[in-house]
Amino acid sequence: MMTKDKLRQLKGDERLGQMRESEYLGAEDIDDGAEPVLTIAGLWNGTVTLQRGKENKDVLSFAEERVPGIMQVRPLIVNSTNRKTLRKLFGDAKASTLMGKQIQLYVDHNVRDPQDGGLTDGIRIRPYKPRVQKQEPPPVCADCEKEIAPAMGKDARWLAAYTAKHYGVPLCAACAQKRKDAAVAAEMQREQEGAAEAQQFVDSPQESDIQPPDYEAGAPNMEAEGEEVL
């Protein structure tokens, strides 16, 4: 069984650059709390390979390659629950009807696993048509003043928020890397200067190393010269 903890572990691994092997959309592809809107490009039926083996399934494909809130847009296997939702929304679940239609996805954390009856995460389609949302202008990099482009599997707004948190301003991936490299170089320079100062301190004579003059050895013998010694 793919438990919720395991799904979240997979999601954390993907954020470190590791990609899932599955070619189909899974709950771990969607960010926590996100509800991405996708445009249906087609519906096909065929044999798909699942964890429990090969099965004949309907599969939705989408027009978008990237949307906010989703790591990577993949085809979605249509289960019985989502098929009912599609019929409720659009009258039927045929390719000719669904093509060009938009659906809103979310992650249900209480999906019953058919294999062992436990609970797991699953993708569901909202039972209403997505509301058209006002598109905000794309974020701009504070350094190069160009639009921030998606990178490393993250959309532009995620990158803008992440870099603003760590660098104080929104940055594109390239400029963020430059700032990181510059900070590393500055730290190395400070360490080198500190080491040089420490070495100079070791090499230079210290107060404790300076011996006072030997008055006993170098002083004139007053008694020998007939002077009264006090």
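Reader: How many salt bridges does a search of the whole structure find?

Author: The model is predicted, and the whole of it was searched. One of the pairs found is E35 with R126. The salt bridges found number six.

Reader: Which parts of the chain does the salt bridge between E35 and R126 tie together, and how many residues apart are they in sequence?

Author: The closest N and O atoms of E35 and R126 are 2.5 Å apart. E35 lies in the loop between helix 1 (4-15) and strand 1, and R126 lies in the loop between strand 5 and helix 4. The pair therefore ties together these two loops, which are apart in sequence by 91 residues.

Reader: Does E35 count as buried, partly exposed or exposed?

Author: Buried means under 20% relative accessible area, and exposed means over 50%. The relative accessibility of E35 is 29%, so E35 falls in between. Its partner R126, at 21%, is in that class too. E35 counts as partly exposed.

Reader: What is the N to O distance in the salt bridge of E55 and K57?

Author: E55 is partly exposed, at 23% relative accessibility. Its side chain meets the side chain of K57 in a salt bridge. The N to O distance is 3.5 Å.

Reader: In what order do the five strands of the open sheet lie?

Author: The pairing in this sheet is antiparallel. Strand 3 (76-78) and strand 5 (119-125) each pair on one side only, which makes them the edge strands. Neighbouring strands are turned against each other by 35 degrees on average, direction ignored. The order is 3-2-1-4-5.

Reader: Over how many bridges do strand 1 and strand 2 pair?

Author: Strand 1 and strand 2 form a hairpin, with two residues between them. One bridge joins T47 to its partner N56 in strand 2. The two strands pair in the antiparallel sense, and the number of bridges is ten.

Reader: Which residue of strand 4 is the bridge partner of T39?

Author: T39 lies in strand 1. Strand 1 (residues 37-50) pairs with strand 4 (residues 102-112) in the antiparallel sense over three bridges. The bridge partner of T39 in strand 4 is Q102.

Reader: With which side chains does the side chain of T39 make polar contacts?

Author: T39 counts as buried because its relative accessibility is 16%. Leaving aside neighbours within four places in sequence, T39 is in contact with residues including S61, F62, E64 and Q102. Its side chain makes a polar contact of 2.6 Å with one side chain and a polar contact of 3.2 Å with another. The partners are E64 and Q102.

Reader: At about what angle does helix 2 run to strand 5?

Author: Helix 2 (residues 80-90) lies across strand 1, strand 2 (53-62), strand 3, strand 4 and strand 5. Helix 2 and these strands each give two or more residues to the largest nonpolar core. The angle between helix 2 and strand 5 is about 20 degrees.

Reader: Which residues touch the most other members of the largest nonpolar core?

Author: This core has 24 residues. I103 illustrates the packing: leaving aside neighbours within four places in sequence, its contacts include V37, L60, F62, L86 and I125. The residues that touch the most other members are L60, F62, L86, L98, I103 and L105.

Reader: How many residues are in the other core, the one that lies apart?

Author: Among its members are A151, L171, C172 and A176. L171 is found in the loop between helix 4 (156-167) and helix 5 (173-203). At 0% relative accessibility, L171 counts as buried. The residues in this other core number ten.

Reader: How far apart are the C-alpha atoms of L171 and A149?

Author: L171 and A149 are 22 residues apart along the chain. Leaving aside neighbours within four places in sequence, L171 is in contact with residues including I148, D143 and R179. The C-alpha atoms of L171 and A149 are separated by 9.8 Å.

Reader: Which residue forms a salt bridge with R179?

Author: R179 lies in helix 5, and its partner lies in the loop between strand 5 and helix 4, so the pair ties together parts that are 36 residues apart in sequence. R179 is partly exposed at 31%, and the partner is partly exposed at 37%. The closest N and O atoms are 2.8 Å apart, and the partner is D143.

Technical notes
Residues are numbered from 1 along each chain as its sequence is written. This is a predicted model: local features need pLDDT of at least 70, side-chain atom pairs count only at pLDDT 80 or more; totals for chains, interfaces and linings use all residues. Side-chain values use heavy atoms; hydrogens and water are left out. Helices (H or I, at least four residues) and strands (E, at least two) are DSSP runs, numbered from the N terminus. Axes are lines fitted to C-alpha atoms, for helices over the stretch in contact, and angles run from 0 to 180 degrees between N-to-C directions. Contact means heavy atoms within 4.5 Å. A nonpolar core is a set of buried Ala, Val, Leu, Ile, Met, Phe, Trp, Tyr and Cys residues joined through side-chain atoms within 4.5 Å. Buried means under 20% relative accessible area, exposed over 50%, partly exposed in between (1.4 Å probe, protein chains only). A polar contact is a pair of N or O atoms within 3.5 Å; within protein, one must be able to donate a hydrogen and the other to accept it, and residues adjacent in sequence count only if both atoms are side-chain atoms. A salt bridge is a side-chain nitrogen of Lys or Arg within 4 Å of a carboxyl oxygen of Asp or Glu.
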